[in-house]
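Welcome! Here are a few exercises to work through with the model in view.

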Amino acid sequence: GNYTLLTNFVLSGLSSHPELQHLLFFTICGVYSMTLFGNLLICMVTVHPTLHMPMYFFLRILSFLDISTASVVVPKMLVNLLSEDRSISYTGCVTQLYCVVFLAATEWYLLAAMAYDRYVAVCSPLRYAAIMNTRVCLSLVLLSCCSGTVVSVVQTAWVFTLSFCGPRRINYFFCDIPPLIMLSCTDTSLYEKQIISATVLVILTPFCLILLSYACIISSILKISSAESRHKTFSTCSSHLTVVTLYCASGTLIYLQPKSSNSQDTKKILALIYTTVIPILNPLIYSLRNKEVKEVLIRVM
């Protein structure tokens, strides 16, 4: 009965200490501004005629996903930091959860596609143009989006079929799966097993494919005679893998124990990493360290 009458939730936010609210607001606002600026810059630069390559096409999509992920979470979080009313409507919570899961899952599959693109470029350079043609690139992006849609619809529908007959206060700064299922008064053991399976499918499987791609890339790099070329390629690969590993670690630690109540503060920090920190790292790691991107950026400016 209470489930049918539920019209809104209340988000507890990042911190319960009033003296930290303004500091957190200005810090996160600055990070969000840099995220928007950096990723919008990449979106504009990578449409330059000299950068019409699959790698830059994927980077443009990745930047768009990063902007979207941050924009789904951060604006509401900033409002809540300065407001006493931290409520979010039932519909708003459903929408936010759907968007967060869709964007996260799509980005994981896109990262796997980008790793495959780099594998083909390094290991089969003579066939690269034939293998990674426009049709294949569009198909990989479309497949990533469709997979993200399926995962998001299933997860969101399953969460909101639970009965929320207890308190409506979410101990989090946005609507996510672990804090929502902690509010349910029904048995969620089956759902917890399902979400662990989804974590393996959405995060760990693409991560293993990415590692496999980079293992093949490193094997090919070791055959390069030029020490300078080897160092440059190793540097790029290590940067990419660092971001991917950080993303994987934060995601798996949050979702592998969805109903663990003794680590909510830790989960908040991890969620903050993948919703605000990683979107600002991607432009720096994937694009702004790239010589061709920097050259185009200087010419445009």
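**Exercise 1.** Which residues does UniProt list for "transmembrane region"?

Before solving, note that this is a predicted model, where local features need pLDDT of at least 70, side-chain atom pairs count only at pLDDT 80 or more, and totals for chains, interfaces and linings use all residues. Residues are numbered from 1 along each chain as its sequence is written, and side-chain values use heavy atoms, leaving out hydrogens and water.

*Solution.* The unreviewed entry gives residues 20–45, 57–75, 95–116, 136–160, 195–222, 234–257 and 269–288. Such annotations may be inferred rather than shown by experiment.

**Exercise 2.** Describe the fold of two of these spans, then of the whole chain.

*Solution.* Start with residues 20–45: 96% helix and 0% strand, with end C-alpha atoms 37 Å apart. Next, residues 95–116 are 100% helix and 0% strand, and their end C-alpha atoms lie 32 Å apart. Finally, the protein has 11 helices and three strands, in the order α-β-α-α-β-α-α-α-β-α-α-α-α-α from the N terminus. Helices (H or I, at least four residues) and strands (E, at least two) are DSSP runs.

**Exercise 3.** Work out whether the overall dimensions suit a compact globule.

*Solution.* First, the C-alpha trace spans about 70 × 40 × 30 Å along its principal axes. Second, the rule for a globule is 2.2 Å times the number of residues to the power 0.38, with the radius of gyration taken over C-alpha atoms. For 301 residues a compact globule would have a radius near 19 Å, and the protein's 21 Å agrees.

**Exercise 4.** Find how much of the protein is buried.

*Solution.* Take buried as under 20% relative accessible area (1.4 Å probe, protein chains only). Buried residues then make up 48% of the 301 residues.

Notes
Buried < 20%, exposed > 50% of the residue type's maximum accessible area, 1.4 Å probe, protein only.
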